[in-house]
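I opened this notebook page to record what I looked up about open space, packing and ring pairs. The entries follow the order in which I checked them.

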Amino acid sequence: MSLRFLIARSIEHRETPAALERFGAQLAHQIGEPIAIGVVGSYADLEAALGAGEAQLAWVPPILLADGDEARLVPLVTALRGGANEYCSVLFVCADSELFTLADLRGSTVAWVDKCSAAGYLLPRLHLIAEGLRLETLFATERFCGSHGEVVRAVFDGRADVGATFGGPPDSPDADARSGFADVEPQRPVRVIFRSGPVPADAVVCDATLPADVRARVTAALLHLGTFAIGRRVTRRLFGADGFAPFDPRALSQLRSLLTGARARGWLPWAAP
């Protein structure tokens, strides 16, 4: 059986092409099935491809998983970063910026990742709404950059005043060192003006029609990647993760509640399923 594994391009590292090839080869070797690794342009493209049955496996953000069809997508494993399987969203500016608070954002240019990105769009916007800020008039310009790396570069080179990206687990002492801006320029000084609560990490899902024996082999192979040096190197370069852990469905409960509240307000960046 030939399998297709899709990833959205919001995951961006210099080593991605080589890591994609190595990841596909390693996974195919472990499960004994050929695997084609594909990259799509956005989370919306990823969701459409999964809905059309064009892939059996995918790396998905928690928003798509929490708001997706539970009967169609089966989560297998979740990412581990520094031993944690959660992260947060941050709004950041350059250290010399004149923006210090959320109220200072009026009239600014913001850089987002993608409308289906939890850290790079949805969570900070929901927080801004909760603060009573009117999103339709808050920003002078909103840019969609397609990846966390491009968001960071847009802020650093002056195309945006503020950017949304991921941060490390909110309670971790090195949360900023594990943030999207540290991936691009670790020594560049920034200031975080908003940090969300914890969000469950991205997950690898399979189509519900994937046979149980293949599903079990894929899960075992992904878990095994974090147990040896080359496997950890591949997952770190491709996913920014150190390995994987079995997926715990309870991790989505808080995020599902957040989405329910957003839908009740009539605001979500995509239609209800």
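For the first entry I needed a definition: lining residues of a pocket are those with an atom within 4 Å of one of its grid points. I note also that I am working from a predicted model.

**Entry 1, the second largest pocket.** I looked up its volume and found about 450 Å³. Of the 25 residues that line this pocket, I noted Leu123, Gly197, Pro198, Val199 and Gln254 as the closest to its centre. Then I asked which element supplies the largest share of the lining. It is α10, with six residues, while α4 (118-130), β10 (199-200) and α10 (253-264) each contribute at least two. Sorted by class, the lining holds 13 nonpolar, eight polar and four charged residues.

**Entry 2, the nonpolar cores.** I turned next to the largest nonpolar core, which has 31 residues, and I wrote down Leu46, Leu50, Val60 and Leu65 as those with the most contacts inside it. Two or more residues of this core come from each of several elements, among them β1 (3-8), α2 (43-51), β3 (57-60) and α3 (62-66), and the largest share, five residues, comes from α4. I followed one of the core residues further: leaving out residues up to four places away in sequence, Leu65 touches Val60, Pro75, Ala203, Val205, Phe247, Leu252 and Arg256. Apart from this core I found another, of 30 residues, which includes Phe5, Ala19, Ala201 and Val214.

**Entry 3, the aromatic pairs.** I counted rings whose centres lie within 6.5 Å as pairs, and the count came to ten aromatic pairs. For Phe23 and Phe239 the ring centres are 5.2 Å apart and the planes stand at 85 degrees, so I logged the pair as edge-to-face. Phe23 sits in helix α1 (residues 16-31) and Phe239 in helix α9 (residues 229-239), so that the pair links distant parts of the chain, 216 residues apart. Both Phe23 and Phe239 are buried.

I then checked Trp112 and Phe139, another edge-to-face pair, with 5.8 Å from centre to centre and 90 degrees between the planes. Because Trp112 lies in strand β6 (residues 108-112) and Phe139 in strand β7 (residues 139-144), this pair ties together parts that are 27 residues apart in sequence. Are these two rings buried or exposed? Trp112 is buried, at a relative accessible area of 0%, and Phe139 counts as buried at 9%.

My last note is that Phe5, Phe23, Trp59, Phe239 and Phe244 form one aromatic cluster.

Definitions and conventions. Residues are numbered from 1 along each chain as its sequence is written. This is a predicted model: local features need pLDDT of at least 70, side-chain atom pairs count only at pLDDT 80 or more; totals for chains, interfaces and linings use all residues. Side-chain values use heavy atoms; hydrogens and water are left out. On a 1 Å grid over the protein atoms alone, a cavity is a set of points where a 1.4 Å probe fits but cannot get out, and a pocket is an open set with protein on both sides within 12 Å along at least five of seven lines; lining residues have an atom within 4 Å of a point. Grid points are joined across faces, edges and corners, and a volume is the space filled by probe spheres set on the points. Helices (H or I, at least four residues) and strands (E, at least two) are DSSP runs, numbered from the N terminus. Ala, Val, Leu, Ile, Met, Phe, Trp, Tyr, Cys and Pro count as nonpolar, Asp, Glu, Lys and Arg as charged, and the others, Gly among them, as polar. A nonpolar core is a set of buried Ala, Val, Leu, Ile, Met, Phe, Trp, Tyr and Cys residues joined through side-chain atoms within 4.5 Å. Buried means under 20% relative accessible area, exposed over 50%, partly exposed in between (1.4 Å probe, protein chains only). Contact means heavy atoms within 4.5 Å. Rings of Phe, Tyr and Trp (its six-membered ring) pair if their centres lie within 6.5 Å; planes under 30 degrees apart count as stacked, over 60 as edge-to-face and the rest as tilted.
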